[in-house]
Amino acid sequence: MSTRASNLDLRMVQQFLAVAETLSFRKAAEQMHMAQPPLSQAIMRLESLLQARLFERSPRGVRLTPAGEVFKMEAVRLLNQASRALERTQRAGRGELGTVHVGFIGPAMIALLPKVILAFRERFAGVDLALHEGSSMQVAGMINSDTVDIGFLVTPAELAPDVETEVIVVDTLVAVLPAGHRLSGASCIRLEDLADDAFVLFSAQGVPTLSSRIASLCRQAGFEPRIAQEAVQISTVLGLAAGGLGVSILPGSIGAMATGAVVCKPIVADAELLRVKIHAAYRPDRLSDAAHAFLMTARLHADRP
């Protein structure tokens, strides 16, 4: 910015426009609630700053010079831009503008995020949401690298020391059986009754937390699951089970996606092992106002005991 431009303040521009629009120093002074001599002096300072005459003064009145006509158009734009800058800055300060990057695992999109996104967009329509899906391990990496502002994942996960977590959703693992399975009519499932079945499960490499949890449940029931197929995305695991490749164990919220090709049944097992806690993870000191507003919206829609 040039020195001259930095010396130009909005008050000077408003004073100029008052004269330019009324073509009268007296009327402009009344409009600006000031005496006429100080207004005349302000216009002279503005002309000196711009190094151009803005008005032709004569006994018959005042008219704009060609330079004045140009500055009038630019002055209107300048004030409009200043007003817009003020309004947008205030909205950003209230969390109503900007972009929020959200990382999430599949179960979070089923159990939580649709209602959070809907409520957030109704309240903060000017904020863009950038959604990034991955496994808990991948979402943890997004948070650690500041790729996302907030991540929804299952712990434990390798998170940086300054990342805070809080439980947002508590889900329960259920047995997912192909519709024609011999136990599809049962009210609940004991895992030992599935010992001879093929399983479609989360990949141990891609989804280590839930994979190890399910393996522990099977071992507690006295068997190692015979894995027919592994996948990372919950929708893929559900689809493979629906296709008859095997039974599965998934978060209960999957019932919202289940078709007639599968049935979801409660499991009789250790309640703590069956419980799946989805956490919100974030760096508190790096949350923008918009990101903080999204976190608050998630808290309002939290499903936890």
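## Terms and overall form

Helices, which are DSSP runs of H or I with at least four residues, and strands, which are DSSP runs of E with at least two, are numbered from the N terminus. In this predicted model, the chain contains 12 helices and 12 strands. The residue R283, for example, belongs to the loop between strand β12 (275–282) and helix α12 (289–300).

The chain has 305 residues, and a compact globule of that length would have a radius of gyration near 19 Å, whereas the chain has 32 Å. Along its principal axes, the C-alpha trace spans about 105 × 40 × 30 Å. Buried residues account for 43% of the chain. Of the contacts between residues at least 6 apart in sequence, 74% link residues that are at least 24 apart.

## Helix α2 and the residue after it

Helix α2 covers residues 10–22. Its 13 residues should span 18 Å at 1.5 Å a residue, and the distance of 18 Å between its end C-alpha atoms agrees with this. The expected figure is 1.5 Å times one less than the number of residues. At the start of α2, a side-chain oxygen of D9 comes within 3.0 Å of the backbone nitrogen of R11. The buried residues of the helix are M12, V13, Q15, F16, L17, A18, V19 and A20.

L23 comes just after α2 and lies in the loop between α2 and α3 (25–31). Although L23 is not a glycine, its phi is positive, at about 50 degrees. Most residues other than glycine have a negative phi. L23 counts as partly exposed because its relative accessibility is 39%, and that class lies between the limits of 20% and 50%.

## Helix α4 and its two sides

Before helix α4, the loop between α3 and α4 holds H33. H33 is not a glycine, yet it has a positive phi of about 55 degrees. With a relative accessibility of 76%, H33 counts as exposed.

Helix α4 comprises residues 36–50. At 1.5 Å a residue, these 15 residues should span 21 Å, and the end C-alpha atoms are indeed 21 Å apart. Which residues of α4 are buried? They are L39, A42, I43, L46, E47 and L49. Seen down the axis of α4, these buried residues fall within an arc of 160 degrees, and therefore they line one face of the helix. On the other side of α4, the residues P37, M44, R45 and S48 are exposed. The helix is followed by Q51, which has a positive phi near 55 degrees.

## The β1–β2 hairpin

Strands β1 (residues 55–58) and β2 run antiparallel and are joined by 4 bridges. A hairpin of 2 residues connects β1 to β2. Within this pairing, V62 of β2 is the bridge partner of R57.

Strand β2 consists of residues 61–64, and its side chains alternate between two faces. V62 and L64 point to one face and are buried, while G61 and R63 point to the other face and are not buried.

## Helix α10 and its surroundings

In helix α10 (residues 234–242), the buried residues are I234, V237, L238 and A241. They cover an arc of only 100 degrees around the axis, which means that they lie on the same side of α10. The elements covering these buried residues include helix α6 (106–111) and the strands β6 (164–178), β8 (198–202), β9 (226–231), β10 (248–251) and β11 (262–268). Just after α10, G244 takes a positive phi of about 85 degrees.

## A cis peptide bond and a buried arginine

Most peptide bonds are trans. The bond from T155 to P156, however, is cis, with omega near 5 degrees. P156 is placed in the loop between β5 (150–154) and β6.

Is R283 buried or exposed? R283 is buried, because its relative accessible area is 7% and the limit for a buried residue is under 20%. The side chain of R283 reaches the backbone oxygen of N144 at 3.4 Å. When neighbours within four places in sequence are left aside, the contacts of R283 are with I143, N144, D146, D149, A160, D162 and V163.

Methods. Residues are numbered from 1 along each chain as its sequence is written. This is a predicted model: local features need pLDDT of at least 70, side-chain atom pairs count only at pLDDT 80 or more; totals for chains, interfaces and linings use all residues. Side-chain values use heavy atoms; hydrogens and water are left out. Buried means under 20% relative accessible area, exposed over 50%, partly exposed in between (1.4 Å probe, protein chains only). A polar contact is a pair of N or O atoms within 3.5 Å; within protein, one must be able to donate a hydrogen and the other to accept it, and residues adjacent in sequence count only if both atoms are side-chain atoms. The arc is that of the directions from the helix axis to the C-beta atoms. Contact means heavy atoms within 4.5 Å. Two strands pair if DSSP finds at least two bridges between them. The radius of gyration is taken over C-alpha atoms; the globule rule is 2.2 Å times the number of residues to the power 0.38.
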